[in-house]
Structures are given as C-alpha cells and as structure tokens.
Amino acid sequence: MKISADELEPLFDVLPDVVFFVKDTEGRYTHANLTLVRRLGLKQRGDVIGKDVTELFPSAMGGSYAVQDRRVLSGEIIENQLEVHIFANRAPGWCLTCKRPLRVRGRICGVVGISRDLGLPDGRHPIYDRLKRVLAYMQEHYGDGVRIQSLAEQAELSIAQFERHFRRVFQLTPQQVLTKLRIEAAMRMLHTDDSVASIGVACGFVDQSAFARQFKATVGMTPRAYRALTQEQQGVMPA
C-alpha cells in the first residue's frame, strides 16, 4: 500500500511541533502542513505552494536551504540534522530535520521532509540524574576542549553506553548537544560588538572558518549575516 503526499498532508496538519513539506525538482513547495504555514506568518497553504525557500525565508537562510535541497535532489539523504529555525513571527527554535529524495519509478522527482521540534529530556530515565550532571558540566565548559571520553567517565559509563543513554534522554548525541550549546552562546554574543573571530574562539571553535562553517550548517546563514539580520529586526543599521 502506498500513501500519497495529498493524504499525508492533513495528518501532519494536526502536529504543532512538526513541519512537513514536499518540493519539486525546482525546489518549489508542492505540499506544506499548516504548522509551516503558520510559522511563516502566512494564513493559508496557497501562500506557500508554488514558492521556493528563497521567496519565503530571509535571503541568506533561504539560499542555504536551497543548497541543502539540491544535495537531496542529487540522491543524498539527510537524517537528524540539528538546526535552528528562525521564523519572523516566533522565537528561534531548535529542531531535527530529515530530508529524502522523493522517487517515482526509481527517478528522483522531488524532496520530502520533516523538521521536528526538539522536545524535553526524558526525566524518567534510570540514569537521568547522572546525565543531567554531565549536561551541567557541558553547559559550563562548552568553550573548552570537551572530550566524549571524559564525559562518559563522569557518567560512569563506557563511551558506547554513554552515547546511547544520552541520546535516549536528550534526543541528541553528546556532540550535537555541545554544538547546540556553542551555537546558542554564539547567537547571544553576536548581539554584542565583539568580533566574529573572538566569538568563535570563546565558543570553543578552533578557528573562524570552523565557526562560520558550523554556524551556517546549523542556523542557515553565516555569523555576519545573522548579526545583520538581528540588527535589521531591531531597527539598527549594521556598522
């Protein structure tokens, strides 16, 4: 039995924490659930259908999403990509994005994907308290050279056990959480006058290039573009 995107769309409409979409080979939306429509600040599905990401998102972010879509159209599968989504009508939010090529008779004819909001940790897990202490350490030392081996030792687990339980509790790998903490700190610091290079170092990145690369992969734009966007939203002209 096969289910069409037309049938899936209304099912995803009732999920407020999941964005669902289908795009054609030109990157234009053919399907979008109401969660995406509302987060874009639009009123109806027709305001999204037929448009591409460069028409719906800030230019830097839309361009990054378009590049990601082209990778999928070439056959790549994107699984659990940690991203910050920035919509004009709501605060930035963390999500896990999955995208797959949409195939008909073996030929790629589009992109199908979801972005799921990051949920709350599982506080009922048997070793939640141990992992919570490790998370507190990561929150305090994200700017340092944090090693997974050291974190596992703090939790009194092997690396394999630590990574498995950590992901079950926090829905993310330890490395993804470390990235999340560093990017969150960088986003806060980009509201200041500190240089991009100094912010990258303070947040634990080895150099400005690594910082810019990871920031763009996660936020959808470079640190400088993010700073310019926030200044524009606050009505401040970039220096």
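**Exercise 1. Find which residue of E5 stands opposite Leu-96, and follow the pairing outward from there.**

Solution. Begin with Leu-96, which stands opposite Arg-116 in E5; strands, like helices, are DSSP runs numbered from the N terminus, with at least two residues (E) for a strand and at least four (H or I) for a helix. The model is a predicted one, in which local features need pLDDT of at least 70 and side-chain atom pairs count only at pLDDT 80 or more, while totals for chains, interfaces and linings use all residues. Residues are numbered from 1 along each chain as its sequence is written, and side-chain values use heavy atoms, with hydrogens and water left out.

Next, look at the other partner: Leu-82 stands opposite Leu-96 in E4. The two strand pairs can then be described, since E4 and E5 pair in the antiparallel sense over 10 bridges, and E3 and E4 do so over 6 bridges; two strands count as paired if DSSP finds at least two bridges between them.

Finally, go to the turn that links E4 and E5, which form a hairpin with 2 residues between them. Arg-105 lies in this loop, where its phi is near 55°, a positive value in a residue other than glycine. Arg-105 counts as exposed because its relative accessibility is 84%, given that exposed means over 50% relative accessible area, buried under 20%, and partly exposed in between, with a 1.4 Å probe and protein chains only.

**Exercise 2. Trace the partners of Val-22 and then write down the order of the sheet.**

Solution. On one side, Val-22 stands opposite Val-112 in E5, and 6 bridges join strand E1 (residues 18-23) to strand E5 (residues 107-117), which run antiparallel. Towards E2, the bridge partner of Val-22 is His-31, and here E1 and E2 pair in the antiparallel sense over 3 bridges. The hairpin formed by E1 and E2 has 5 residues between the strands, and Gly-27 in the turn has a positive phi of about 80°.

Putting the pairs together gives an open sheet of 5 strands in the order E2-E1-E5-E4-E3, with antiparallel pairing. Its edge strands are E2 (29-32) and E3 (78-85), each of which pairs on one side only. Neighbouring strands are turned by 25° against each other on average, direction ignored; axes are lines fitted to C-alpha atoms, for helices over the stretch in contact, and angles run from 0 to 180 degrees between N-to-C directions.

One residue of edge strand E3 deserves a separate step: Asn-80 lies in that strand, and its phi, near 50°, is positive although the residue is not glycine. Asn-80 is partly exposed, because its relative accessible area is 26%.

**Exercise 3. Determine which helices lie on the sheet, and examine Asp-69 in one of them.**

Solution. Helix H4 (residues 59-73) lies across E1, E3, strand E4 (93-104) and E5, and runs at about 175° to E3. Helix H10 (residues 208-219) also packs on the sheet, touching E3 and E4, and its direction makes about 95° with that of E3.

Asp-69 lies in helix H4 and counts as buried because its relative accessibility is 3%. Leaving aside neighbours within four places in sequence, Asp-69 is in contact, meaning heavy atoms within 4.5 Å, with Lys-23, Val-53, Lys-99 and Val-111.

**Exercise 4. Describe the nonpolar cores, and then the protein as a whole.**

Solution. A nonpolar core is a set of buried Ala, Val, Leu, Ile, Met, Phe, Trp, Tyr and Cys residues joined through side-chain atoms within 4.5 Å. The largest has 58 residues, and those with the most contacts inside it are Tyr-29, Phe-57, Phe-162, Phe-215 and Val-219. Helix H8 (residues 174-189) gives the most to this core, with 7 residues. Apart from it lies another core of 5 residues, among them Ala-5, Phe-12, Phe-20 and Val-22.

For the whole, count 11 helices and 5 strands. The radius of gyration, taken over C-alpha atoms, is 19 Å, close to the 18 Å that the globule rule gives for 239 residues, so the protein is as compact as a globular protein of that length; the rule is 2.2 Å times the number of residues to the power 0.38. Buried residues make up 44% of the 239 residues.
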